[in-house]
Amino acid sequence: MFLALSIGVLVTGAVYLLLQRDLLRVILGFVLLSHAVNLLLFSAGGSDRRGEPLGGDLDPGTTADPLPQAFVLTAIVIAFAITIYLLVLAVTGSSDDVDGPAEHGPGGDAAGSSEGSDQDTDSDGTAPARGRVAGLEEEAGR
């Protein structure tokens, strides 16, 4: 019963973290989910009603099935490799927290903006999209 509750708590935490926007929380959610799957595979071997897989008594009725334990070991290695891959993507990837497209420059001015107008415009006459950084720079400048 304790193993089933542990699996449920780990899956619940994993789903919550996987639904977050921050990439580090998504990675931690994946780690929790991999631990839950490892416990699920381990419980499939009958951990509560059997002993160790290798021991003094080699009676098939009392020894644990070694196949789920081999699956868990394989799943640990695969989860570790995928976690490292996700961490590398998080470090080298670009931030997706920008509100709009890339900025036009440090001042946010477009190349085709007119000098006399109150609002900067692109070459097609529309206002350029501003990101979070440009908006903060404008607020700090006022």
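The secondary structure of the protein chain comes to 4 helices and 0 strands, and read along the sequence these elements follow the pattern α-α-α-α. The model is a predicted one, and what follows considers the chain as a whole, then helices α2 and α3, and finally the second largest pocket, to whose lining α2 and α3 each give two or more residues.

**The chain as a whole**

- Of the 142 residues of the protein chain, 18% count as buried.
- The protein chain exposes about 10200 Å², and carbon and sulfur atoms supply 64% of that area.
- When contacts between residues at least 6 apart in sequence are considered, 47% of them join residues at least 24 apart.

**Helix α2**

- Helix α2, which spans 23–43, has 21 residues and reaches 30 Å from its first C-alpha to its last, close to the 30 Å expected at 1.5 Å a residue.
- The buried residues in α2 include Ile-27, Gly-29 and Ala-36, together with Ser-34 and Asn-38, and the latter two also belong to the lining of the second largest pocket.
- The cover over the buried residues of α2 includes α1 (2–18) and α3.

**Helix α3**

- Helix α3, which spans 66–92, has 27 residues and reaches 40 Å from its first C-alpha to its last, close to the 39 Å expected at 1.5 Å a residue.
- Pro-68, Val-72 and Ala-75 are among the buried residues of α3, as are Ala-79 and Thr-83, both of which also appear in the lining of the second largest pocket.
- What covers the buried residues of α3 includes α2, just as the cover of the buried residues of α2 includes α3.

**The second largest pocket**

- About 160 Å³ of space lies in the second largest pocket, and the elements that give two or more residues to its lining are α2 and α3.
- The lining includes Val-31, Ser-34, His-35 and Asn-38, and it also includes Ile-76, Ala-79, Phe-80, Thr-83, Ile-84 and Leu-87.
- Helix α3 provides the largest share of this lining, with 6 residues.
- By residue class, the lining of the second largest pocket divides into 6 nonpolar and 4 polar residues, with no charged residue.
- Ser-34 and Asn-38 of α2 are buried, and Ala-79 and Thr-83 of α3 are buried as well, so described under the cut-off of under 20% relative accessible area; these four residues are among those that line the second largest pocket.

Note on methods. Residues numbered from 1 in each chain as written. Predicted model: local features only at pLDDT ≥ 70, side-chain atom pairs only at ≥ 80, totals over all residues. Heavy atoms only, no water. 1 Å grid on protein atoms, 1.4 Å probe; cavity = no way out; pocket = protein on both sides within 12 Å on 5 of 7 lines; lining within 4 Å. Points joined across faces, edges and corners; volume = space filled by probe spheres on them. Nonpolar A, V, L, I, M, F, W, Y, C, P; charged D, E, K, R; others polar. Expected span 1.5 Å × (residues − 1). Buried < 20%, exposed > 50% of the residue type's maximum accessible area, 1.4 Å probe, protein only. Contact = heavy atoms within 4.5 Å. Areas by Shrake-Rupley, 256 points an atom, 1.4 Å probe, with all protein chains shown as cover.
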